[in-house]
Amino acid sequence: MDYIKDFLFSKLQNTKKPIYIYGMGNGSEKLKMLLDRYNIPLSGIFASDEYVRGHSFLGFFVKKYADIPDDAIILLAFGAFTEELFQRFERMGEKHEFYAPDMPLFGDEYFEPSQLKEKKAEIEKAYSLLQDDLSRSVFENTVKFKVTGDIRYLKEIASPRDEIFQNLISLGKEESFLDLGAYDGDTVREFQMRTNGSYKGIAALEPDIKNFKKLEKKTEGAVLYNKGSYSFEGTLSFSAEGSRNSSLLTKGNSTIEVTTIDALSAIHMPTFIKMDVEGSERETLLGGINTLKNLKPKLIISAYHKNSDYFELINLVNHINPNYKLYLRHQPYIPNWETNIIAL
């Protein structure tokens, strides 16, 4: 692959075709900023028919798909995980050039081919640590997708979440589960289902108060904390969204208490930790150094919130405890979200 020539934004700089963003919201705003950064003109915005109500967005009248030109290039600006949407994208891709530009959920570090050169040693080290062919394919296709925006690379490596528990993580009756970023308790319920209700204990953290109230209503058999996880105990600025996207930020709309894996481990002695903490995965791992070294719990770590997560977090886990065996899995999702590191 020619990482400069095949880089999506280099391709868009050289096209004469009209470029349309598919979708509205935060993703569209980020994508418009990226196009402006590369001096790429945008021709318009369209949305799914059910969302078109004669309004404007980012200065463009929002069109229906049927109204965009046949030669238009489509840039996807939202996330999708349903088969219905996958099939819709595939139909669009049969008629148009269709891409899903790589945009991190958090932070302002966007992918550029120069990163592959600058971080070559780190990237190659992370790749060398992966334990099976599927992990290496996920890693390789992650890079290819980040370069090209071609969603076919994601389709090639997608595997269901069940595969993780069938082939990698084995849960027994004496598990102590630590759920970091519990949202409304969906992964607590998953754990309870996968252990047939036989386990030693569950502790779940959720910093967003609206999410925490949902967690309280929907969760039984667990110790619940209205806190975030980080590298130290204290308070931090927080952006409360009442959704999965609530996150720790330099300037948030509220403050929350944060604690560490090590502090929680003194109470709960986890054998299995799930970490989906909206961009704070690195700091959370640093707050669990003693636990990872001494207890070596099984880990599932989100590796897609920030641009470099897919290799930096692998290397960090290995640095903390080189005895971990590391795997990478991608669940069906467009763009490159729901990619997880599994450490055993």
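**Backbone outliers, a helix pair and internal cavities**

In this predicted model, N196 lies in the loop that runs between α9 (186-194) and β9 (201-205). Its phi is near 55 degrees, a positive value in a residue other than glycine. N196 has a relative accessibility of 70% and therefore counts as exposed, the cut-off being over 50%.

E338 also carries a positive phi, of about 60 degrees, although it is not a glycine. This residue sits in the loop between β17 and β18. Its relative accessibility is 22%, so E338 counts as partly exposed. Most residues other than glycine have a negative phi, and most peptide bonds are trans. The loop between β17 (326-330) and β18 (339-343) also contains P335. A cis peptide bond links I334 to P335, with omega at about 5 degrees.

Two packed helices are described by the angle between their axes and the distance between the axes. For helix α6 (residues 133-148) and helix α14 (residues 309-320), the axes come within 11 Å and cross at roughly 145 degrees. On the α6 side, the contact involves F139, T142, V143 and K146. Their partners in α14 are Y310, F311 and I314. Five of the contact residues are nonpolar, one is polar and one is charged.

Three cavities of 30 Å³ or more occur in the structure. The largest has a volume of about 90 Å³. Its lining includes K146 and Y310, which also take part in the contact of α6 with α14. P335, the proline of the cis bond, is another lining residue, together with N336 and W337. D102, M103, P104, A303, Y304, K306 and N307 complete the lining. By class, the lining of the largest cavity divides into seven nonpolar, two polar and three charged residues.

The second largest cavity holds about 60 Å³ of space. Among its lining residues are F7, L8, F9, L34 and Y38. Y110, F111, V147, T148 and G149 line this cavity as well. The elements that give two or more residues to this lining are α1 (8-13) and α6. Helix α6 provides the largest share, three residues. Eight residues of the lining are nonpolar, two are polar and two are charged. D102 and K146 belong to the lining of the second largest cavity and also to that of the largest.

Technical notes: Residues are numbered from 1 along each chain as its sequence is written. This is a predicted model: local features need pLDDT of at least 70, side-chain atom pairs count only at pLDDT 80 or more; totals for chains, interfaces and linings use all residues. Side-chain values use heavy atoms; hydrogens and water are left out. Axes are lines fitted to C-alpha atoms, for helices over the stretch in contact, and angles run from 0 to 180 degrees between N-to-C directions. Helices (H or I, at least four residues) and strands (E, at least two) are DSSP runs, numbered from the N terminus. Contact means heavy atoms within 4.5 Å. Ala, Val, Leu, Ile, Met, Phe, Trp, Tyr, Cys and Pro count as nonpolar, Asp, Glu, Lys and Arg as charged, and the others, Gly among them, as polar. Buried means under 20% relative accessible area, exposed over 50%, partly exposed in between (1.4 Å probe, protein chains only). On a 1 Å grid over the protein atoms alone, a cavity is a set of points where a 1.4 Å probe fits but cannot get out, and a pocket is an open set with protein on both sides within 12 Å along at least five of seven lines; lining residues have an atom within 4 Å of a point. Grid points are joined across faces, edges and corners, and a volume is the space filled by probe spheres set on the points.
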